[in-house]
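Please open the model in a viewer and keep the sequence panel visible beside it. The tour below proceeds by selections, each followed by a description of what is found there.

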Amino acid sequence: MYYFEKEIIHTYSHHLTLYKRFIGDIFGIWMGPRNSLEEFIMQLNSQDKRIKLRYDIVNTSIDPMPI
């Protein structure tokens, strides 16, 4: 998967606060517009016709802790 995703991740890295992959699971934190996230996922899904990501987008945010 690294071969397929490395260039795409680099392209969208300004929106990715966190991107972790372990075997068949990916966890990410996206700090950008939803349409850019959907483009990112479409780019990942277009790399190989046999590899398709299933995904859940959760619209959750947290308030930063005061210092």
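**First selection: Leu37**

Begin by selecting Leu37, which counts as buried because its relative accessible area is 14%, under the limit of 20%. The model on display is a predicted one. Leu37 belongs to helix H2. Show the residues around Leu37: apart from neighbours within four places in sequence, Leu37 is in contact with Trp30 and Ile57. Next, draw a distance from the C-alpha atom of Leu37 to that of Leu16; the viewer should give 9.4 Å, for two residues that are 21 residues apart along the chain.

**The whole chain**

Now clear the selection and display the protein as a cartoon. Two helices and two strands make up its secondary structure, and they follow one another along the sequence in the pattern α-β-β-α. When the C-alpha trace is viewed along its principal axes, the protein spans about 45 × 25 × 20 Å.

Switch to a surface display. The accessible surface of the protein amounts to about 6,000 Å², and carbon and sulfur atoms account for 56% of that. Of the 67 residues in the protein, 22% are buried. Colouring by charge brings out 8 positive and 8 negative side chains, with the centres of the two sets 9 Å apart. Among contacts with a separation of 6 or more, 32% join residues 24 or more positions apart.

**The strand pair**

Select residues 16-22, strand S1, together with residues 25-30, strand S2; the two strands pair in the antiparallel sense over six bridges. To inspect one position in this pairing, select Phe22, which stands opposite Asp25 in S2.

S1 and S2 form a hairpin, and two residues lie between them. Which residue in the turn has a positive phi? Select Ile23, in the loop between S1 and S2. Its phi is near 50°, a positive value in a residue other than glycine. As a point of comparison, most residues other than glycine have a negative phi. Ile23 counts as exposed because its relative accessible area is 72%, and the limit for that class is over 50%.

**The nonpolar core**

Which residues form the largest nonpolar core? Select Ile8, Ile9, Tyr12, Leu16, Tyr19, Trp30, Leu37, Phe40, Ile41 and Leu44, a set of 10 residues. Helix H1 (2-11), S1 and H2 are the elements that give two or more residues to this core. H2 gives the most, with four residues. Leu37, the starting point of the tour, is one of the residues in this core.

**Tyr12, a core residue in a loop**

Keep the core displayed and centre the view on Tyr12, which is placed in the loop between H1 and S1. Is Tyr12 buried or exposed? Tyr12 is buried, since its relative accessible area is 12%. Beyond neighbours within four places in sequence, the residues in contact with Tyr12 are Trp30, Ser36, Glu39, Phe40 and Gln43. Two of these names, Trp30 and Phe40, also appear in the core together with Tyr12. For a distance across the model, join the C-alpha atoms of Tyr12 and Ile26: they are separated by 15 Å, and the residues are 14 residues apart along the chain.

**Glu5, a buried acidic side chain**

Move to helix H1 and select Glu5, which is found there. Glu5 counts as buried because its relative accessible area is 3%. Show what lies around this residue: Glu5 touches Tyr19, Arg21 and Leu44, when residues up to four places away in sequence are not counted. Of these partners, Tyr19 and Leu44 are listed in the nonpolar core.

**Last selection: Ser61**

Finally, follow the chain past helix H2 (34-45) and select Ser61, in the segment after that helix. Is Ser61 buried or exposed? Ser61 counts as exposed because its relative accessibility is 67%. To end the tour, draw a line from the C-alpha atom of Ser61 to that of Met1. These two residues are 60 residues apart in sequence, and their C-alpha atoms are 29 Å apart in space.

Note on methods. Residues are numbered from 1 along each chain as its sequence is written. This is a predicted model: local features need pLDDT of at least 70, side-chain atom pairs count only at pLDDT 80 or more; totals for chains, interfaces and linings use all residues. Side-chain values use heavy atoms; hydrogens and water are left out. Buried means under 20% relative accessible area, exposed over 50%, partly exposed in between (1.4 Å probe, protein chains only). Contact means heavy atoms within 4.5 Å. Accessible areas come from the Shrake-Rupley method with a 1.4 Å probe; for residues, only the protein chains shown count as cover. Lys and Arg count as positive and Asp and Glu as negative; His and the chain ends are not counted. The place of a charge is taken as NZ of Lys, CZ of Arg, CG of Asp or CD of Glu. Two strands pair if DSSP finds at least two bridges between them. A nonpolar core is a set of buried Ala, Val, Leu, Ile, Met, Phe, Trp, Tyr and Cys residues joined through side-chain atoms within 4.5 Å.
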